[in-house]
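Dear colleague,

Please find below the structure that I am handing over to you, together with its sequence. A summary of the findings follows it.

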Amino acid sequence: MSFTYGSFTTDSLGLIATLTAWPSLAGLQLETLEAPGTDGLILGGATRSSTRFAFDVIVSGETPEDAATKRDSLVLALDPARGERQLQIDAMPGWQWRAIAAGGIDWERLTWDTGLGFQFRGEVAFEVLSAYGRPTADETWSYAAPGSRQITRQEGNARSFPTVEIEGTLSSSETVTVRVGDVVTTIPGPLTSAQVLRLDYDTFDFARWNGSTKVASVVRPMTSLDRAELWPHEAATFAVSTTGTVSAVRLYANSRLQ
């Protein structure tokens with residue numbers, strides 16, 4: 001097995017990296033309240049904190065110096081001073097996790113002989129602070145006009161919070177109405193042909209953009225700030241209507257894996 005971390009891959013050093021366990025529903029915590037007059041509890045909600053991936057890593061070299069050089073190259077690539085980077089695991093192709101090294105590595109000498117080779121062995125662990133994996137290529141639905149459609153998310157195994165993008169022209173007296181599943185919101189103009197109206201329910205960022213520049217937030221005039229969500233393998237309505245002009249509509253699934 002192997003992993004890729006940022007631009008580094010264990011294959012580049014000929015390392016053996018075996019994932020010791022696959023975490024599902026990691027970091028799950030139940031928020032409960034006492035239920036007076038009963039012997040049970042009331043469920044307040046469920047939260048996720050983070051998940052952890054641990055690898056059993058074997059570093060092999062033809063000489064002690066070769067093994068030490070490969071060990072140090074791996075440690076350099078994992079240095080947490082570089083911040084979080086994308087972790088990809090060969091056991092789950094097409095998915096990645098925003099991760100950072102979670103602790104020190106205690107290397108032991110596995111074999112140390114000219115005939116058998118020179119090997120270090122240690123556990124390399126990563127902490128994923130968001131707990132969810134994201135696809136390297138996600139599902140997107142694009143349309144050249146407003147309308148109502150039924151879409152079904154296929155990727156992942158957890159609910160996701162999609163992103164909607166709308167292009168067109170709206171005067172200050174015109175509006176666009178967006179529905180994703182059961183959530184409906186109306187946003188007034190203006191919107192120019194050079195701008196994109198982006199409703200990002202994943203990061204909860206709602207604004208008009210001109211390229212990479214945020215022009216203005218549209219939070220205040222939105223008629224609803226309920227969070228739109230999509231569940232895998234469940235059909236949902238995606239509808240856009242307007243009193244102005246809409247020339248392009250896009251829906252990004254923002255799929256997640258737990």
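The model is a predicted one. It holds one cavity of 30 Å³ or more. I begin with this enclosed space and an open pocket, then turn to the strands, and close with two individual residues.

Cavity and pocket

The largest cavity contains about 40 Å³ of space. Its lining is formed by Leu170, Val176, Ile187, Pro188, Gly189, Pro190, Leu191, Leu197, Arg208 and Val218. By class, eight of these lining residues are nonpolar, one is polar and one is charged.

The second largest pocket offers about 160 Å³ of space. Its lining consists of Val180, Gly181, Asp182, Val183, Arg227, Ala228, Glu229, Leu230, Trp231, Glu234, Ala235 and Ala236. Here the division is seven nonpolar residues, one polar residue and four charged residues.

Strands and their pairing

Four strands form an open sheet in the order 13-20-15-16, and their pairing is antiparallel. Strand 13 (147-152) and strand 16 (183-188) are the edge strands, each of them pairing on one side only. From one strand to the next, the twist averages 15 degrees.

Within this order, strand 15 (residues 175-180) and strand 20 (residues 235-242) run antiparallel and are joined by five bridges. In this pair, Arg179 is placed opposite Ala239 of strand 20. Some residues of these strands also belong to the linings described above: Val176 is one of the residues around the largest cavity, while Val180, Ala235 and Ala236 are among those around the second largest pocket.

A further group of pairings involves strand 7 (residues 85-89). Strand 7 pairs with strand 1 (residues 3-5) in the antiparallel sense, over three bridges. Thr4 stands opposite Gln88 of strand 7 in this arrangement. Strand 7 also runs antiparallel to strand 8 (residues 95-101), again through three bridges. On that side, Arg85 faces Ala99 in strand 8 as its opposite residue. Strand 7 and strand 8 form a hairpin with five residues between the strands, and Gly94 in this hairpin takes a positive phi near 90 degrees.

Two individual residues

Which strand holds Ala216? Ala216 is located in strand 19 (residues 213-217). Ala216 counts as partly exposed because its relative accessibility is 22%, and the buried class requires a value under 20%. Not counting residues up to four places away in sequence, Ala216 touches Ala207 and Arg208; Arg208 is also one of the residues that line the largest cavity. The C-alpha atoms of Ala216 and Ala54 lie 43 Å apart in space, and the two residues are 162 residues apart in sequence.

Glu123 belongs to strand 10 (residues 117-128). With a relative accessible area of 43%, Glu123 is likewise partly exposed. Leaving aside neighbours within four places in sequence, Glu123 is in contact with Arg52, Ala54, Phe55, Gly104 and Ile105. Glu123 and Thr18 are 105 residues apart along the chain, with a separation of 9.5 Å between their C-alpha atoms.

In following these points on the structure, you may wish to start from the cavity lining, with Val176 in strand 15, and then move to Arg208, which lines the cavity and touches Ala216.

Yours sincerely

Note on methods. Residues numbered from 1 in each chain as written. Predicted model: local features only at pLDDT ≥ 70, side-chain atom pairs only at ≥ 80, totals over all residues. Heavy atoms only, no water. 1 Å grid on protein atoms, 1.4 Å probe; cavity = no way out; pocket = protein on both sides within 12 Å on 5 of 7 lines; lining within 4 Å. Points joined across faces, edges and corners; volume = space filled by probe spheres on them. Nonpolar A, V, L, I, M, F, W, Y, C, P; charged D, E, K, R; others polar. Pairing = 2+ DSSP bridges. Helix = DSSP H or I, 4+ residues; strand = E, 2+ residues; numbered from the N terminus. Axes fitted to C-alpha atoms, helices over the stretch in contact; angles between N-to-C directions. Buried < 20%, exposed > 50% of the residue type's maximum accessible area, 1.4 Å probe, protein only. Contact = heavy atoms within 4.5 Å.
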